[in-house]
Amino acid sequence: MHQYITITGARENNLKEVNLRIPKDRLTVFTGVSGSGKSSVVFDTIAVESQRQLNETFTWFVRNRLPKYERPHADTIEELSPAIVVDQRPIGGHSRSTVGTMTDIYSVMRVLFSRHGTPSAGPATAYSFNDPSGMCPRCHGLGKTVRPDYDRILDPAKSLADGAILFPPFAVGTWQGQTYTNTPDLDTHKPVGQFTEEEREFLMRGGKSGGKVNVDNTGGARDIDYEGLADRFERLYLNRDLSALSQKTRDLVQRFLVEGECDACDGARLNEAALATRIDGLNIADCSRMEVTDLIAALERIDDPVAGPIAAAAVAALERIEAIGLGYLSLGRETSTLSGGEGQRLKTVRHLGSSLTGMTYIFDEPSVGLHPRDVSRLNDLLLRLRDKGNTVLVVEHDPDVIAVADHVVDMGPTAGTGGGLVVFEGTPDELRRADTLTGRHLRRSTGVKESPREAIGGRWVKGADLHNLKDVSVRVPTGVLTAVTGVAGSGKSTLVSGAFVAEHPNAVVVDQSGIGVSGRSTPATYLGIMDSLRKLFARETGQDAGLFSFNSSGACESCQGRGIIYSDLAFMDPVTTTCEACEGRRFKEEVLRLTVGSSSIADVLDMTAERALDFLATVDDTAVRRRLRALHDVGLTYLTLGQPLSTLSGGERQRIKLATQLHRTGTTYVLDEPTTGLHMADVDGLLALLDRLVDAGNTVIVVEHNLEVVKHADWVIDLGPDGGKHGGRIVFEGTPGQLLDADGSFTAAHLRRDLG
Ligand code: ADP
Ligand code: ADP
Ligand code: ZN
Ligand code: ZN
């Protein structure tokens, strides 16, 4: 007998009395254009209610100390099981968190080394870089130290007398600078780049016998001890309490520092005793540096009967990382450097290892960052979770993921107020025959672009060797749309966001990173239309414009105009609840009574961009309407003007950034996976937008896996052949038509399969 999660009358956000029966212990995929209501069902209704019900099971004492989840707007929600949300939120950013620590594989490695390494440094904490007994004393386990950047401090072409020292506090003419212009121990007219080893040593560290130098201070001329440039810099700006320096000085010093590998441990983070312990010639830091795939091979060679089982436990966990296409990572890789998709897949590894059953796992577009080649591995993973007796819910657009679902829920018919309905429920086969946007797109098959645009020029990347790139030189054509492709870890982001952007800093990078703004930011503030709205309200109501700002005297006092209250708990994700005083409307009662055309400022902020366009048409504000139309162009009209930007997905953040950048010509745009969060129908809109940018005289470079984008590009640069050290080369350059005939490219193989 099948059990179902049943929901009736769901009304969160745009949902219109949604009724649903979701089979338990099955894989259900939620599809639909962006803004149709998928997240409103899965995250805002199911996940929230599950967490709320779980909290209800605690005693009154505990419950009062937990965040209050409001009951989602729905008539009934039944048969829920505890939910685990595996999303793309970045994993804790601090530099002590690595792939090894977050997956707990590093602790298995520590046990392995403490019990079976020789000579053993002691118990397992002796191999922990987060524990004083294991950490490198110089860098305190960070593997990196900050030091003066002498390439920036000294100009080798100049002599000390004519200003070789570029660091302003030590420059010619300063009191400190006299030490270096007046020293009798150096030729102050010789370019410092021509100094002998010995002279340079004297400049930086002073003479052994301690040279004297005559300097002229307010007190008159006198002899002082020569102090080396490096010694002085370190004494004044590094080896002291930096908080005693002014912010201005700290900012200045910052510009003359570099972060580099720690010399004491060479980046290994551990102390000598820990690093001296070896198994088969390898120490634990060597193991952390290896790609997962190679580490598996090394651990499999351990055939000692006692160490074997521990090594096998590590191998089992490492194989799960490999199985989700992340075999090119190393255990030592800092989690803060992982992409959202990589992070999400790693979080999944943790859950795969657990023996929990009867849970509901919820995934948000897990295919992000995955090449079509690796999507089948992701599918295996989702199916394995299901087969352990869990309910798996996935929000996803990728046809290959939809295909393996037991059940599909298609939301629509369009976005925002035009969506919020279940337009189809059934199997993937039935969906392919259904008359919905998703169904129609699944049936459709487009060919490669017949007549790609001709490049008007080219911009080079020469000899790039960052990360895994192998001396890559490539010409990126200008005036066209270029897709950079390749399996995950092949080096696409490194080539584009690293090497290309470094050589061409005037490129406009539109990425998915957070918009560095406060919790008060909204589309209205971000697009700069809040100011015009305030003036409009002031003009029409005869009040002061300041009243209509949610960081002014007009703001609700309980929530300071945020509309929500944050509860940050050390052991849980932060939780937000609607402010009770203003019911989320952000303003004081008296401000809400002031209206324009019967709408208060809060009503306007509650409008979608689409409705706001109509509203503003009546008051004729062309500049504002133009900015709002940019939201339309990037497919975000379903957002409300006042929706906190913190609630936007990565893909939506990227598109709202793009909305502020549309008016340019002669610009090179760089976009990393712009189809993230986009339904197949939305991808058409995105491609039309990219075409318009190119036709307006711009160059567009996209890092993409979506085959529709690859087929539509004018030029394709394919990296590979594989990920990590097996990647980093250009496998193919040419038009999509030529790609079809390319050998040795996974992208070509999948394109051929897609065109069947
Ligand atoms: P999807 O997941 O299909 O992209 P969502 O469920 O995120 O769609 O959004 C459905 C509608 O609800 C959209 O119009 C969206 O702007 C709106 N919405 C989503 N989250 C919020 C929120 N926190 N506040 C206000 N509106 C929201
Ligand atoms: P792609 O964009 O094709 O998925 P990336 O450019 O992100 O590939 O990665 C290429 C290689 O560089 C991989 O081996 C990856 O682990 C490595 N890499 C990427 N970013 C970093 C980083 N910040 N630090 C160290 N290695 C990195
Ligand atoms: Zn160190
Ligand atoms: Zn309030």
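The following questions and answers go through the domains, ligands, loops and two helices of a predicted model.

Reader: How are residues, chains and ligands numbered or lettered here, and what pLDDT do local features need?
Author: Residues are numbered from 1 along each chain as its sequence is written, while chains are lettered from A and ligands numbered from 1 in the order in which they are written. As this is a predicted model, totals for chains, interfaces and linings use all residues, side-chain atom pairs count only at pLDDT 80 or more, and local features need pLDDT of at least 70.

Reader: Into which domains is the chain divided?
Author: The bounds come from an automatic or database domain assignment. Some domains are made of two stretches of chain, including domain 1 (4–89 + 339–443), domain 2 (99–143 + 264–323) and domain 4 (457–507 + 667–755). The others are domain 3 (145–261) and domain 5 (523–645).

Reader: What distance separates the centres of domain 3 and domain 5?
Author: The centres are taken over C-alpha atoms. Between domain 3 and domain 5 they are separated by 54 Å.

Reader: Which domains does ligand 1 lie between?
Author: A residue is near a molecule if its C-beta atom, placed from the backbone, lies within 6 Å of it. By this rule 17 residues surround ligand 1, and the closest are N13, K38, S39, S40 and G416. Two domains both give residues to this shell, so ligand 1 lies between domain 1 (4–89 + 339–443) and domain 5 (523–645).

Reader: Which helix gives the largest share of the shell around ligand 1?
Author: Helices (H or I, at least four residues) and strands (E, at least two) are DSSP runs, numbered from the N terminus. The largest share of the shell is 3 residues, and it comes from helix α1 (residues 38–56).

Reader: How many residues of each class are in the shells around ligand 1 and ligand 2?
Author: Ala, Val, Leu, Ile, Met, Phe, Trp, Tyr, Cys and Pro count as nonpolar, Asp, Glu, Lys and Arg as charged, and the others, Gly among them, as polar. Ligand 2 is surrounded by 15 residues, the closest being T337, H467, K492, S493 and T494. Around ligand 1 there are 3 nonpolar, 13 polar and 1 charged; around ligand 2 there are 3 nonpolar, 10 polar and 2 charged.

Reader: Is H467 buried or exposed, or partly exposed?
Author: H467 sits in the loop between β14 (457–464) and β15 (472–478), and its phi is positive, near 45 degrees, although it is not glycine. A residue is buried if 20 or more other C-beta atoms, placed from the backbone, lie within 10 Å of its own, exposed if 12 or fewer, and partly exposed in between. H467 has 17 such atoms, so it is partly exposed.

Reader: Why does S598 count as exposed?
Author: S598 lies in the loop between β20 (595–596) and β21 (599–600). Its phi is positive, about 65 degrees, although S598 is not a glycine. Because S598 has 6 other C-beta atoms within 10 Å, it is exposed.

Reader: Which residues does S81 touch?
Author: S81 is in the loop between β4 (76–78) and β5 (83–86). Contact means that two C-beta atoms, placed from the backbone, lie within 7 Å. Not counting residues up to four places away in sequence, S81 touches G358, M359, T360 and T391.

Reader: What is omega for the cis peptide bonds at P119 and P413?
Author: P119 is in the loop between α4 (105–116) and β6 (144–148), and P413 is in the loop between β12 (407–412) and β13 (421–426). For the bond from T118 to P119 omega is near -15 degrees; for the bond joining G412 and P413 omega is about 0 degrees.

Reader: Where on helix α25 do its buried residues fall?
Author: The buried residues of α25 are V624, R627, L628 and L631. The arc is that of the directions from the helix axis to the C-beta atoms. Seen down the axis, the buried residues of α25 fall within an arc of 95 degrees, so they line one face of the helix.

Reader: What span should helix α27 have?
Author: The expected span is 1.5 Å times one less than the number of residues. Helix α27 (residues 680–695) has 16 residues, and its end C-alpha atoms are 23 Å apart, which agrees with the expected 22 Å.
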